[in-house]
Amino acid sequence: MLPVVVVHGGAGFVPRQRSELSVSGVCSAAGSAYGILKGGGSSMDAVVNAVTLLENNPAFNAGIGSVLNVRGDIEMDALVMDGKTLASGAVSAVRNIANPTQLARLVMEKTSHACLTAEGASQFARAMGIPEVPVESLITDYSRMRWQKNLAADANPVECQMGKMGTVGAVAVDTEGNIACATSTGGMLNKMVGRVGDTPCIGSGGYADNNIGAVSTTGHGETIMKVTLARLILFNMEKGQSVEAASDSGLALMKSRVDGLGGVITVDPQGHWAARFSSLQMAWAAAQSDTLHYGLYTGEHFTQNIDDPESHYPKYKA
C-alpha cells in the first residue's frame with residue numbers, strides 16, 4: 001500500500017475548455033511526487049514537490065495564475081505539516097514569491113513560529129535567499145480577465161470562484177510511514193486586501209498526524225474555517241471511520257451547518273486514500289502501487305499504469 005500520494009487542483013467548476021489542463025496538471029504532479037517516494041524520499045519532499053509543480057502551472061489558483069484581490073493584486077497563502085512531529089509552517093498574504101509552499105516549509109524548518117505574513121514573510125524569504133519575482137510575472141491574462149469581470153457591483157465572488165481553477169494540495173505517506181500535507185492558494189477572487197482564508201490555518205487548510213492520517217482541503221475558506229474541516233475529518237477517522245466515510249461526513253456537516261461546498265484529499269497510515277468533494281468538480285490524482293488514479297467529476301475514477309509514458313498526461317475529455 002505504501003508509498004502513496006494524492007493531489008487536488010481545487011473544488012468548484014472547471015470550464016470545459018480547461019478541463020484537460022486541470023486533470024493533466026494534477027496527474028503530472030502526482031507522478032512526479034510518487035517518483036520521489038519510490039526513490040526513498042520523504043512524504044514532506046513529495047508533497048512540496050507536487051504543490052510546487054502546481055504553483056508553477058498557470059492553470060491553477062496558486063503561484064502563477066493566482067486570482068487577484070479587489071485591488072488587482074496577488075496575495076497568496078500556503079501551509080505544510082509534518083505528521084511525524086506535528087511541526088508546521090505557513091505563510092499568508094505573500095505577493096512576490098513564486099512558490100509560497102517552499103517558503104512555508106522554511107518557516108517550519110528554520111523558525112520557531114508557525115506562520116509568517118505579508119511583509120514579514122517577504123523579509124524572511126530574503127534572509128533565506130529565496131528570490132523575489134515581479135508580481136506581474138504571477139498574473140495571467142485569465143486571472144486579470146476574471147478580476148475585471150467581477151468588479152461589477154452585482155458580482156458574487158463566492159459563486160464566481162466556481163469558474164476558476166482552484167486551490168492546490170497534496171497528502172502523502174512515505175515508505176517509512178511518515179505522513180505530510182501541503183496546501184497552497186491565491187485565495188478568493190476579488191477578495192478584500194489582507195483577507196486570509198483557511199489554507200494557512202492548521203486544522204482547516206490541512207493537517208497531518210502519523211497516528212491518524214492527513215487531509216488537504218479546498219473550497220470556500222470562510223466555511224472551511226468554521227468547521228475546521230481537515231481536523232474534523234481526522235477526528236472522524238479517530239472514531240473509526242474510513243478515509244472515505246470520514247471525508248464524506250466532514251463535507252456533509254460543512255454543507256448542512258454552514259452551507260459550504262468544498263473538497264478534500266485524505267490518507268491514513270496504512271495507505272488508504274480518498275478524494276471526495278461536494279462541489280460539481282474537483283481535479284484529483286493519486287499514485288500508488290505503480291498505478292495512477294485520476295478524475296474530475298463525482299464518480300469518475302480512471303486508472304493508468306504509471307510507467308506508461310503518457311500516464312502523467314492523460315487525454316482527458318470532459
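**Entry 1: the cores.** I looked up the largest nonpolar core and found 54 residues in it. Within this core, V5, V7, V47 and L103 have the most contacts. I then checked which element gives the core its largest share: helix 1 (residues 19–38), with 8 residues. I noted that the model is predicted.

I took L103 as one example and listed what it touches, leaving out residues up to four places away in sequence. The list reads V91, V94, I97, A121, F124, A125 and I130. There is also a second core, separate from the one above, with 35 residues. I212, L229, A246 and A275 are among them. As background, I wrote down that nonpolar side chains tend to be buried together in soluble globular proteins.

**Entry 2: helix 4.** Three names on the L103 list, A121, F124 and A125, made me turn to helix 4 (residues 118–127), where A121, S122, F124 and A125 are buried. Why do they count as being on the same side of helix 4? They cover an arc of only 160° around the axis, so they lie on the same side.

Next I asked what the buried residues of helix 4 pack against. I found strand 3 (88–94), helix 3 (100–110) and strand 4 (115–117). Helix 4 is followed by G129, and I noted that the phi of G129 is positive, near 80°.

**Entry 3: aromatic pairs.** I searched for paired rings, and the count came to 2 aromatic pairs. One of them is W273 with W284, at 5.6 Å centre to centre and with 50° between the planes, and this pair is tilted. I looked up where the two residues sit: W273 is in strand 10 (residues 273–277) and W284 is in strand 11 (residues 281–288). They are 11 residues apart, and the pair links distant parts of the chain. Both W273 and W284 are buried.

The rings of Y294 and F302 have centres 5.5 Å apart. Why is this pair called tilted? Its planes are at 35°, and planes under 30 degrees apart would count as stacked, while those over 60 would count as edge-to-face, so tilted is what remains.

I also checked whether Y294 and F302 are buried or exposed. Y294 has a relative accessible area of 8%, so it is buried, because buried means under 20%. F302 has 36%, so it is partly exposed, because exposed means over 50%.

**Entry 4: a charge over a ring.** Last, I looked at Y207 and found the charged end of R231 over its ring. The charged end of R231 is 5.2 Å from the centre of that ring.

Terms used: Residues are numbered from 1 along each chain as its sequence is written. This is a predicted model: local features need pLDDT of at least 70, side-chain atom pairs count only at pLDDT 80 or more; totals for chains, interfaces and linings use all residues. Side-chain values use heavy atoms; hydrogens and water are left out. Rings of Phe, Tyr and Trp (its six-membered ring) pair if their centres lie within 6.5 Å; planes under 30 degrees apart count as stacked, over 60 as edge-to-face and the rest as tilted. Helices (H or I, at least four residues) and strands (E, at least two) are DSSP runs, numbered from the N terminus. Buried means under 20% relative accessible area, exposed over 50%, partly exposed in between (1.4 Å probe, protein chains only). A charge sits over a ring if NZ of Lys or CZ of Arg is within 6 Å of the ring centre and within 35 degrees of the ring normal. A nonpolar core is a set of buried Ala, Val, Leu, Ile, Met, Phe, Trp, Tyr and Cys residues joined through side-chain atoms within 4.5 Å. Contact means heavy atoms within 4.5 Å. The arc is that of the directions from the helix axis to the C-beta atoms.
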